[in-house]
Amino acid sequence: MSVTAYALVSQVRFRELKTRIGLAAFIGATAWFFAPSLWPAVWFAAVVVSQIADWAVFRRFRLNPEWAPDRGYVILSCAVTAFGVAIYSSIAAWLWVDGGEIGRAFALVQIAGGLLHVSLHMHHARPILISAVATHGAYFLGLPVMTAILTGYWHELLVALGCLLYMSHLVVAVRQASATTEVLRAAKEMEQQARRKAEEASAAKSDFLAVISHEIRTPMNAVISAANLLRRTKLDDRQSEHVSMLTDAGEVLMGLLNDVLDVSKIEAGKMVLETDDVDVRARLASLARLWEPRAAANGVELVVEASGAVPECVRTDPLRLQQILFNLISNAVKFTDQGRITVSTDWDGEALTVAVSDTGCGIPAARLAHVFDSFEQAEAGTTRRYGGTGLGLSISRKLAEIMGGDLTVRSVEGEGSTFTLTLPMEVSASRPAEASVDVVEVGALAGRNILAADDHEVNRRILTLLLEPHGCRLTMVENGAEALEAATAERFDAVLMDMQMPVMDGLEAARRIRSSGGVNAATPIIALTANALDVHRQAWTAVGVEAFLTKPIDPTALVGTLAQACERGEPPARAAVA
């Protein structure tokens with residue numbers, strides 16, 4: 001016997017306790033109406049006592065649903081059930097004898113209702129069900145049979161036969177209901193198991209992406225940073241070409257990695273949008289400058305047109321707007337070998353519309369409906385010929401939808417395509433401030449004392465090569481514990497902290513530096529890590545870092561962020577001297 005079956009019956013009986021007592025009061029009142037007497041009141045009091053006994057015995061199952069009852073307690077439960085049913089249906093015997101024809105009919109209906117009730121609600125635990133049904137059945141069949149025997153009116157047995165047929169139909173109905181319940185329960189268990197497996201798979205995928213992102217970014221930091229450092233040296237034309245190949249390949253690899261992470265965030269519903277002022281014309285001009293050389297190399301003209309109705313400044317997510325436009329223009333340049341690419345912008349008072357049209361190869365009609373699917377491209381040979389994974393358009397449409405807009409496409413094979421982005425946004429009264437991280441004053445880090453914690457020897461070497469030419473003093477440590485010890489010994493102008501390190505990780509080290517109350521408790525801490533997911537960014541924000549930088553290291557962003565952090569974290573006395 002299933003352990004949960006008794007608990008389920010107990011829970012059902014407990015929920016319906018008030019209903020049974022209320023129904024007993026109605027039946028007692030009706031019985032008194034048919035045959036006025038003291039007995040209905042006595043019967044109701046007996047029902048209340050039996051229900052209290054039922055509540056007390058079955059309470060143990062409710063308190064401990066997983067408890068497996070021994071044979072003695074099962075017998076006790078069955079006895080209490082039979083006792084309660086015997087009391088409950090005893091009113092039918094009194095009505096059968098003293099209620100006249102109407103009373104006899106009411107008695108049979110009352111017992112039939114009781115049989116239906118216990119059959120539907122107690123079939124989970126068979127011993128309890130048999131106890132209840134047998135007691136109800138004794139009244140249901142016994143009353144007409146005993147009447148036939150005592151009075152000699154054998155036609156009364158026809159009533160018993162009708163009652164027997166009712167019970168037979170009830171058995172069939174209960175079996176079907178029980179079978180249906182079991183099927184539904186099994187389906188629910190399968191659905192729950194499938195959900196658990198899906199959740200486990202999703203968690204495993206998130207863990208895998210976090211690990212693979214970190215493991216790829218770490219060596220890519222060495223490759224791209226070394227290429228950038230090499231570019232600063234004196235190179236001949238062939239060597240410069242080789243360095244350019246390294247940096248270009250590194251950018252492609254990082255783009256693919258970021259696309260995969262973006263798809264994962266979108267699928268998990270964890271994409272977080274930010275709102276800021278954006279100069280649409282300036283943003284388009286910047287993208288045009290980036291892609292014009294590549295378009296021109298293909299003999300393609302890239303033209304940007306903005307309607308006079310387009311506001312000077314709007315409020316939206318700058319990063320995601322640029323990401324969508326970047327993907328659309330990149331796609332147009334990739335698939336256009338001759339002719340023209342036009343980026344036209346318009347404004348209807350509530351939404352910005354950007355249409356990117358090209359005179360490229362176009363998209364076959366059969367594939368047009370799938371261009372926004374993840375990992376889909378127009379045909380099997382597209383990846384080999386043009387490169388890419390097919391994620392750019394999928395991400396762009398999903399981002400547009402998250403931002404409340406849409407991305408559509410019209411295309412004719414052999415003539416070209418037009419991708420139209422529509423994004424609702426507000427007009428901003430202010431003009432967006434120009435980012436100052438890209439422009440770093442020469443000597444901004446001269447004389448600064450900087451602590452850098454990273455467990456990877458190559459990363460420490462790269463930081464040294466990137467920062468020492470700026471005239472700062474670097475203290476290198478290999479883990480969070482050494483960073484905490486160094487931060488206790490002397491004051492620094494800024495701290496660069498990796499995340500995953502042995503002995504003590506960067507988060508814990510940053511937390512302890514902040515709470516130490518020492519000379520570096522308020523020193524700006526900058527996270528410089530290969531852990532680039534949003535959850536990692538949130539974890540760093542929680543410990544109070546100044547900025548969050550990811551690997552591979554962008555030299556300009558690194559120096560600019562350090563310079564700004566040092567300036568903001570400067571003590572008043574030193575700032576006055578400067």
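**Close-up views of a predicted model**

**View 1. R294 and its contacts.** Leaving aside residues up to four places away in sequence, R294 touches E251 and V333. This is a predicted model, as are all the views that follow. R294 sits in helix α9. Is R294 buried, partly exposed or exposed? Its relative accessibility comes out at 43%, so R294 counts as partly exposed; the band for that label runs between 20% and 50%. For a through-space check, pick the C-alpha atoms of R294 and K334: they are 9.0 Å apart, although 40 residues separate the two along the chain.

**View 2. The five-stranded sheet.** Here we look at an open sheet of 5 strands, ordered β2-β4-β5-β7-β6, with mixed pairing. Which strands stand at the edges? They are β2 (300-306) and β6 (406-412); each has a single partner strand, so one side of each goes without a neighbour in the sheet. From one strand to the next, the twist averages 10°.

**View 3. Inside the sheet: β4 meets β5.** Strand β4 (residues 339-347) pairs with strand β5 (residues 351-358) in the antiparallel sense, over 7 bridges. If you want a landmark for the register, try V343, which stands opposite V356 in β5.

**View 4. Two helices packed on that sheet.** Helix α9 (residues 280-297) packs on the sheet and touches β2, β4 and β5. The direction of α9 makes about 175° with that of β2. Helix α10 (residues 318-334) packs on the sheet as well, touching β4, β5, β6 and β7 (416-424). For α10, the angle is given with β7, and is about 175°. Keep R294 in mind here, since its place is in α9.

**View 5. The largest nonpolar core.** In soluble globular proteins, nonpolar side chains tend to be buried together. The largest nonpolar core in this model has 41 residues, and L328, F419 and L421 touch the most other members. Which element gives the largest share of this core? That is α10, with 7 residues. Zoom in on L328 and you find it touching V356, L393, L407, F419 and L421, again not counting residues up to four places away in sequence. V356 is a familiar face: it is the residue of β5 that stands opposite V343.

**View 6. A second core.** Separate from the first, this core has 25 residues, among them I27, A31, V47 and W94.

**View 7. One cavity.** Rolling a probe the size of a water molecule over the atoms shows where empty space is left. How many cavities of 30 Å³ or more does a search of the whole structure find? The search finds 1. The largest cavity holds about 40 Å³ of space. Its lining consists of S10, R13, F14, L17, R20, D54, W55 and R62. The elements giving two or more residues to that lining are α1 (3-15), α2 (17-34) and α3 (39-63).

**View 8. The second largest pocket.** This pocket has a volume of about 470 Å³. Its lining counts 18 residues, and H123, R126, L129, V174 and R175 lie nearest the centre of the pocket. Two or more lining residues come from each of α5 (100-122), α6 (126-151) and α7 (157-231). Which of the elements gives the largest share of the lining? It is α7, with 8 residues.

**View 9. The three-stranded sheet.** Another open sheet has 3 strands in the order β1-β3-β8, with antiparallel pairing. At the edges stand β1 (276-278) and β8 (426-427); each has a single partner strand, so one side of each lacks a neighbour in the sheet. Between β1 and strand β3 (residues 314-316), the antiparallel pairing runs over 3 bridges. One bridge to look for joins D276 to its partner T316 in β3.

**View 10. Two backbone spots for your torsion check.** Start at P552, in the loop between β13 (547-550) and α18 (555-568). The peptide bond leading from K551 to P552 is cis, with omega near 0°. Then move to V503, in the loop between β11 (494-497) and α16 (506-515). V503 has phi near 70°, a positive value in a residue other than glycine. Is V503 buried or exposed? With a relative accessibility of 71%, V503 counts as exposed, because that label applies over 50%.

Notes
Residues are numbered from 1 along each chain as its sequence is written. This is a predicted model: local features need pLDDT of at least 70, side-chain atom pairs count only at pLDDT 80 or more; totals for chains, interfaces and linings use all residues. Side-chain values use heavy atoms; hydrogens and water are left out. Two strands pair if DSSP finds at least two bridges between them. Helices (H or I, at least four residues) and strands (E, at least two) are DSSP runs, numbered from the N terminus. Axes are lines fitted to C-alpha atoms, for helices over the stretch in contact, and angles run from 0 to 180 degrees between N-to-C directions. Contact means heavy atoms within 4.5 Å. A nonpolar core is a set of buried Ala, Val, Leu, Ile, Met, Phe, Trp, Tyr and Cys residues joined through side-chain atoms within 4.5 Å. Buried means under 20% relative accessible area, exposed over 50%, partly exposed in between (1.4 Å probe, protein chains only). On a 1 Å grid over the protein atoms alone, a cavity is a set of points where a 1.4 Å probe fits but cannot get out, and a pocket is an open set with protein on both sides within 12 Å along at least five of seven lines; lining residues have an atom within 4 Å of a point. Grid points are joined across faces, edges and corners, and a volume is the space filled by probe spheres set on the points.
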